[in-house]
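I opened my notebook to look up how two chains meet and what empty space is enclosed.

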2 protein chains.
Amino acid sequence: MSRIVTIGAAQSGPILREESRSAVVERQIQQLREAHRQGCDLVVFPEVALTAFFPHWWIEDEAELDAWFEREMPGPETQPLFDEAARLGIGFHLGYAELTFEGGKKRRFNSAILVGKDGQKIGHFRKIHLPGHVEYRPDNPFQNLEKRYFEFGDRPFETWRAFGGVVGIQICNDRRWSESYRLLALKGAELVLIGYNTPDHIPEHPHMDRLTNFQHQLCMQSGAYQNACWIVAVAKAGIEEGVSMIGLSSIIAPSGEIVAQTKTLGDELIVHACDLDDSKAYQELFEFGTNRRIQHYGPIATQAAAVPPP
Amino acid sequence: MSRIVTIGAAQSGPILREESRSAVVERQIQQLREAHRQGCDLVVFPEVALTAFFPHWWIEDEAELDAWFEREMPGPETQPLFDEAARLGIGFHLGYAELTFEGGKKRRFNSAILVGKDGQKIGHFRKIHLPGHVEYRPDNPFQNLEKRYFEFGDRPFETWRAFGGVVGIQICNDRRWSESYRLLALKGAELVLIGYNTPDHIPEHPHMDRLTNFQHQLCMQSGAYQNACWIVAVAKAGIEEGVSMIGLSSIIAPSGEIVAQTKTLGDELIVHACDLDDSKAYQELFEFGTNRRIQHYGPIATQAAAVPPP
């Protein structure tokens, strides 16, 4: 048996601060067409894929901040991406900064959507594990203001039936938390899509910089193996407005093996024919229903901080 | 700042079916003395370290089964290990099959103890994630009858203040479950000790055999990084009564890096000076209290099996 979904991880090089969404969408459409030539069913674009990663900068003016967000999806500038994908018969994942009015209140999220081959939205996810800080850090060479500009995702990790399997989404820092994978696996995920913008420098912990690439893939490889799912993780990479970000967009099998990864820090497409049935053997190996000992797991869901013994 | 604990991972080669506990303890005492020469504070012995790994065989006779278990710890045959460790001023971790009478009922567990430099017991743990099966599998070249011979650990993952830090224990298959690390980290673990007996062949999934070593270390490396702890994992290795088991006893830093690993499948000691303060930077990086979003984690502790969308 096999259930092949051919997936393209469409890594993005840096996006200039003044680059228009239309120009970015044009780059994405080029990748869509190349993916079509390579037989893709699904193309995965990164987190906040339509603009430079603005949480790296301090922005005080609210109108200026809001201008980095999408108020509709698709909107006038993203409609051509939806149209071209539908014309080619390719689904896609797109990360974007979401501005919405709910209950009369303006809300901002770091979000992603999954779109089917017919151009219709299948799923929508709001990043749960926001990294970074709220305050300005004058000593840092760049900021990481996600906790200032976004609200924490207010909806659970979710999966959807799509592309012949069960698909879920994480965004960037979600991938460093083992709970993210497990929650998706508990909803049957066979394929997890992850966009990210990850600097190769941690201002507060510079001694960790040499390990950024390693730890990035380590979390996802173990997440894939322990949760029996494919992972397709896609970077915005390269030096963007002075901030250097990792590449290593990766397609990872349920064995934990990396089966494809990018080799540049620019726009680059990697493609793999993912057999969703590969996840079955690992689902049988781990057999959650028989082997998970939930009576011991309570503190994971009730206790946030560590409490060492007295 | 540094809090160095010098730890020896005392890998064991195979133990013959007819080998006496006294003979095994004599091998362990040789490793203790070598560890002392190398300045160890703590020596870690494997899971079920005193005998061959009997769950690989079908045993019908109850008296014969019980003979593989320890009714007291220390008992007459293990007392010399306790005595020599105390004489040398070295603490140790020892895995063993535990037979106990509680509430008038005979109970069997796959257990481990942590013993201080003074020879006094510090902690005791009963394996929670038992692998394998209950029934005889005639087509398999060996059995994996842990679910038949042991009860599931009935006490939580626990940590203890010892060796200048906070120490916890997992046993073998516990290491493949992300919850095991997280539960220990929520109790402040800076050092996790793991003994294992891991065949290099999975009769039900032989196509996974080539990945056994990789997946073994993958789980622990990500467990260390995501939970900011040192891991010392120790094998019973080599071909034991016809069952071939992996080695790769490993000392893993909170960065996820393997800093030492064995290179044989026999009795082999590897030593590393582990700085428990290394875990602090990663505890600060992940900052559980600020960043864990427990309001979303409920299903991890309430739902054992996966439930895909309809």
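My entries on the interface come before those on the cavities.

Entry on the ground rules. I am working with a predicted model, in which local features need pLDDT of at least 70 and side-chain atom pairs count only at pLDDT 80 or more, while totals for chains, interfaces and linings use all residues. Residues are numbered from 1 along each chain as its sequence is written, chains are lettered from A and ligands numbered from 1 in the order in which they are written, and side-chain values use heavy atoms, with hydrogens and water left out.

Entry on the interface. I looked up contacts (heavy atoms within 4.5 Å) and found that 68 residues of chain B touch 68 residues of chain A. The two chains bury about 6000 Å² between them, 63% of it on carbon and sulfur atoms, where buried area is the accessible area (1.4 Å probe) lost on putting two parts together, summed over both. On the side of chain B, I noted that B:Trp177, B:His296 and B:Ile300 lose the most area to chain A, together 11% of what that side buries.

Entry on salt bridges. Taking a side-chain nitrogen of Lys or Arg within 4 Å of a carboxyl oxygen of Asp or Glu, I have six salt bridges across this interface. One of them joins A:Glu179 to B:Arg182, with the closest N and O atoms 2.7 Å apart.

Entry on cavities. For a cavity (points on a 1 Å grid over the protein atoms alone where a 1.4 Å probe fits but cannot get out), I took the volume as the space filled by probe spheres set on the points, joined across faces, edges and corners. There are four cavities of 30 Å³ or more, and the largest holds about 60 Å³ of space. Its lining residues (an atom within 4 Å of a point) include A:Arg27, A:Phe45 and A:Asp267.

Methods. 1 Å grid on protein atoms, 1.4 Å probe; cavity = no way out; pocket = protein on both sides within 12 Å on 5 of 7 lines; lining within 4 Å.
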